[in-house]
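Dear colleague,

I am passing on the model we spoke about, with the sequence and coordinates placed just below. My notes on what was found in it follow after that.

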Amino acid sequence: MHYHEYDDLIKNNRLWVDEKLAENPTYFKSLAQGQRPPFLFIGCSDSRMPLNSFTQTEPGELFIHRNVANQVSLTDMNLLAVLEYAVEALEVQHIVVCGHYYCGGVEAAYKGTATGVVENWVNPIRELYLLNRDEIDSLPSERERLNKLSELNVVAQVKNICTTSVMHRAFKTGKFPEVHGWVLDIERGYIKDLEMPFKAWKDLGIMP
Ligand code: CO
């Protein structure tokens with residue numbers, strides 16, 4: 001892994017601006033006109049998942065919220081403000097919760113090794129593991145168990161999205177964004193679009 005020096009960051013920025021302007025002299029002027037991103041992304045803070053790179057999207061396309069292990073907590077004002085603004089003001093068409101394999105937060109929750117504030121933060125994943133222990137522990141390798149927990153974590157967070165007051169209001173209007181759950185397979189680079197149990201959630205009255 002090659003890491004840049006701090007000074008490279010500003011230099012790279014200058015080069016990137018020149019490149020963009022060479023392609024399109026009004027690129028930044030148009031960006032300044034405002035944003036209408038079709039997608040809200042909720043991802044892990046992990047440095048190995050730069051969402052724009054992985055989806056080959058440009059500035060202006062993704063509205064983004066990231067935190068350790070892509071949690072959707074119903075008491076997190078930060079997340080809720082992002083969600084409300086994305087749904088009600090920006091009117092995004094899709095919400096994507098994106099987790100990943102090799103997630104340090106998921107691993108710490110699984111092993112019970114998190115400490116300090118991170119321990120509190122990943123505790124919902126620890127509970128998720130304990131709740132699904134039979135299914136997870138039946139998998140043959142630790143890698144598969146961790147990957148499974150990463151996936152279950154994404155499903156749980158998509159479900160949390162659907163239980164927010166913001167989404168309830170949107171469901172009532174009949175005009176609401178589609179929700180999706182992805183995991184990024186860091187080892188291969190591919191996005192895995194996970195099947196969500198929408199039918200079960202509809203039966204439970206979580207979504208229309
Ligand atoms: Co992570």
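Among contacts in the chain between residues at least 6 apart in sequence, what percentage join residues at least 24 apart? The share is 65%, and please keep in mind, here and throughout, that this is a predicted model.

To begin with the chain as a whole, its secondary structure comes to ten helices and five strands, and its C-alpha atoms fill a box of roughly 55 × 45 × 30 Å along the principal axes. Of the 208 residues, 39% are buried, while the accessible surface amounts to about 12300 Å², with 54% of that area belonging to carbon and sulfur atoms.

The sheet

The five strands make up an open sheet with mixed pairing, in the order β2-β1-β3-β4-β5. Because β2 (62-67) and β5 (191-194) stand at the edges and have a single partner strand each, one side of each is left without a neighbour in the sheet. From one strand to the next, the twist averages 25 degrees. At the β5 edge, β4 (residues 178-184) pairs with β5 in the antiparallel sense over four bridges, and within this part of the sheet Val 183 is found opposite Lys 192 of β5. Helix α4 (residues 77-89) lies across β1 (39-44), β2 and β3 (94-100), and runs at about 170 degrees to β2.

The cobalt site

Which protein atoms are the donors of the cobalt ion? They are SG of Cys 44, NE2 of His 100 and SG of Cys 103, and they lie 2.0 to 2.3 Å from the ion. Along the chain these donors follow the spacing C-x55-H-x2-C. His 100 has a relative accessibility of 1% and therefore counts as buried, and Cys 103, at 4%, likewise counts as buried. Tyr 102 is placed in the loop between β3 and α5 (104-111), where its phi is near 60 degrees, a positive value in a residue other than glycine. With a relative accessibility of 28%, Tyr 102 counts as partly exposed.

Helix α5 and what follows

In α5, the buried residues are Gly 105, Val 106, Ala 108, Ala 109 and Tyr 110. The buried residues of this helix pack against α6 (116-131), α7 (133-137) and α8. Just after α5, Gly 112 takes a positive phi of about 70 degrees.

Two buried residues, Ile 161 and Lys 20

Ile 161 lies in helix α8 (residues 142-162), and since its relative accessible area is 0%, below the cut-off of 20%, Ile 161 is buried. Leaving aside neighbours within four places in sequence, Ile 161 is in contact with Ile 42, Val 72, Leu 83, Ile 95, Val 97, Met 167 and Val 179. For one of these partners, Ile 95, the separation along the chain is 66 residues, and the C-alpha atoms of Ile 161 and Ile 95 are separated by 8.9 Å.

Is Lys 20, which is found in helix α1 (residues 6-23), buried or exposed? Lys 20 is buried, because its relative accessible area is 10%. Not counting residues up to four places away in sequence, Lys 20 touches Tyr 27, Phe 28 and Glu 58. With Glu 58 there is also a polar contact, made between the two side chains at 2.9 Å.

A further positive phi

Gln 56 is not a glycine, yet it has a positive phi of about 50 degrees. Its place is the loop between α3 (51-55) and β2, and at 69% relative accessibility Gln 56 counts as exposed.

When you open the model, you might begin with the cobalt ion and its donors Cys 44, His 100 and Cys 103, and then turn to Ile 161 in α8 and to Lys 20 in α1.

With best wishes

Terms used. Residues numbered from 1 in each chain as written. Predicted model: local features only at pLDDT ≥ 70, side-chain atom pairs only at ≥ 80, totals over all residues. Heavy atoms only, no water. Pairing = 2+ DSSP bridges. Axes fitted to C-alpha atoms, helices over the stretch in contact; angles between N-to-C directions. Contact = heavy atoms within 4.5 Å. Donors = N, O, S within 2.8 Å, 3.2 Å for Na, K, Ca; no water. Buried < 20%, exposed > 50% of the residue type's maximum accessible area, 1.4 Å probe, protein only. Areas by Shrake-Rupley, 256 points an atom, 1.4 Å probe, with all protein chains shown as cover. Polar contact = N/O pair within 3.5 Å; in protein donor to acceptor, adjacent residues only side chain to side chain.
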